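Biologist: I am new to reading models like this one, and a whole chain is a lot to take in at once. Could you choose one part and walk me through it slowly, step by step?

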Amino acid sequence: MADQEGARAVAKRIGRVGAWSFALERLTAPRAQDFTREVESLGYTALWIPESLGSKEIFSHAALMLAAGGTITIASGIASIWARDAVAMANGARTLLDAHPDRFLLGLGASHAPVVERRGARYARPLSYMREYLDAMDQAPYVGPNRGDPRPPRVLAALGPRMLELSAARAEGAHPYFVPVEHTPFARKQLGSGPLLAVEQAAVLSTDPAAARKVARAHMKRYLDLDNYANNLRRLGWGERDIGGGGSDAMVDAIVAWGEPERVAERVRAHLDGGADHVCLQMLGADPADELRRLAPLIV
């Protein structure tokens with residue numbers, strides 16, 4: 001098993017509620033740093049940033065966010081294991097932690113076949129490849145400062161039982177993305193009591209069902225077409241009528257919390273009550289910072 005004491009220390013650092021944002025991809029460097037400072041000023045203790053095809057490179061992006069100052073943790077959600085070799089992954093994390101001790105959390109994952117193949121790589125045996133990749137990370141040569149320190153803390157993008165078990169055995173925990181609340185107790189059971197469970201939750205602050213679901217479906221479309229996410233929903237008991245056609249209303253409502261801030265806060269609490277240590281909110285409205293501001297008094 002991974003270091004349980006280390007996992008608990010990471011959980012304490014990142015706190016109970018953080019933010020997860022694609023909005024940073026579209027901002028200039030100065031504006032992205034302003035966003036980071038604003039999120040921290042609202043009381044959120046972690047900010048998760050993505051790495052998708054065509055997005056900002058995640059280590060340089062994290063360095064930019066960390067340079068904004070403060071104490072907020074910057075977490076990668078996630079760094080693709082197909083985008084760089086294991087030595088670059090391990091030592092990229094070490095470099096950021098050398099400059100900003102205890103402020104970077106490496107989330108890494110196997111991504112998805114269509115994304116990987118568009119990179120020109122061959123997507124195969126994601127679970128086995130992840131094991132081999134983690135072995136190579138742990139053996140990565142490093143001659144920089146603090147080279148005798150323990151490896152940087154990491155979490156794995158995990159949905160199914162085997163990747164969750166690997167997260168417990170070889171990382172500080174797991175970062176499930178695009179999951180309904182019922183996945184959280186399932187993930188906690190697979191992980192056991194010690195590892196970190198950091199769950200992403202998308203949300204829209206709108207009380208208009210049609211408007212909220214329109215925004216939610218625009219967000220969900222690309223994910224429902226990916227086997228990893230669709231198969232995870234099937235494993236939880238959702239049927240083809242729910243998953244297909246952009247998602248049934250019930251499916252949309254399960255994945256994206258919407259309504260008044262109190263209703264979104266209830267969804268956050270449901271994940272925490274279900275076993276999550278940390279919930280990172282991905283606000284889908286036109287002004288995520290404003291939505292995070294409205295939610296902060298209820299959840300931070």
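Modeller: Happily; I will start with the whole chain and then stay with one helix and its surroundings.

This is a predicted model, in which local features need pLDDT of at least 70 and side-chain atom pairs count only at pLDDT 80 or more, while totals for chains, interfaces and linings use all residues. Residues are numbered from 1 along each chain as its sequence is written, and side-chain values use heavy atoms, with hydrogens and water left out.

First, the overall picture. The protein chain has 14 helices and 10 strands; these are DSSP runs numbered from the N terminus, with helices being H or I runs of at least four residues and strands E runs of at least two. The C-alpha trace spans about 55 × 40 × 40 Å along its principal axes. For 300 residues, a compact globule would have a radius of gyration near 19 Å, and the 18 Å of this chain agrees with that. (This radius is taken over C-alpha atoms, and the globule rule is 2.2 Å times the number of residues to the power 0.38.) Of the 300 residues, 57% are buried, where buried means under 20% relative accessible area, exposed over 50%, and partly exposed in between, using a 1.4 Å probe and protein chains only. Among contacts with a separation of 6 or more, 73% join residues 24 or more positions apart; a contact means heavy atoms within 4.5 Å.

Now for our part, helix 3, which covers residues 58-66. Which of its residues are buried? They are Ile 58, Phe 59, His 61, Ala 62, Met 65 and Leu 66. These residues lie on the same side of helix 3 because they cover an arc of only 160° around the axis, the arc being that of the directions from the helix axis to the C-beta atoms. What covers them includes helix 2 (29-41), strand 2 (46-49), strand 3 (73-76), strand 4 (79-80), helix 4 and strand 5.

The N-terminal end of helix 3 is capped by Glu 57, whose side-chain oxygen lies 3.1 Å from the backbone nitrogen of Phe 59. This is a polar contact: a pair of N or O atoms within 3.5 Å, where within protein one must be able to donate a hydrogen and the other to accept it, and residues adjacent in sequence count only if both atoms are side-chain atoms.

Next, look at a neighbour in helix 2, where Gln 33 sits. Gln 33 counts as buried because its relative accessibility is 16%. Leaving out residues up to four places away in sequence, Gln 33 touches Leu 64, Met 65, Ala 67 and Ala 68. The side chain of Gln 33 also reaches the backbone oxygen of Leu 64 at 3.0 Å.

A second neighbour is Arg 103, found in the loop between helix 4 (86-99) and strand 5 (104-109). Again leaving out residues up to four places away in sequence, the residues Arg 103 touches include Leu 66, Gly 69, Gly 70 and Leu 97. What lies beside the polar atoms of its side chain? The backbone oxygen of Leu 66 is 3.2 Å from one polar side-chain atom of Arg 103, and the backbone oxygen of Gly 70 lies 3.4 Å from a polar atom of that side chain.

In general, side chains of opposite charge can pair when their charged atoms come close. Arg 103 is buried yet has no salt bridge, and the nearest side chain of opposite charge, Glu 40, is 5.3 Å away. Here Lys and Arg count as positive and Asp and Glu as negative, while His and the chain ends are not counted. A salt bridge is a side-chain nitrogen of Lys or Arg within 4 Å of a carboxyl oxygen of Asp or Glu, and by this rule the count comes to 18.

Two backbone details finish the tour. Most residues other than glycine have a negative phi, and most peptide bonds are trans. Asp 102, in the loop between helix 4 and strand 5, has a positive phi, near 65°. With a relative accessible area of 48%, Asp 102 is partly exposed. The peptide bond from Gly 77 to Ile 78 is cis, with omega near 5°, and Ile 78 has its place in the loop between strand 3 and strand 4.
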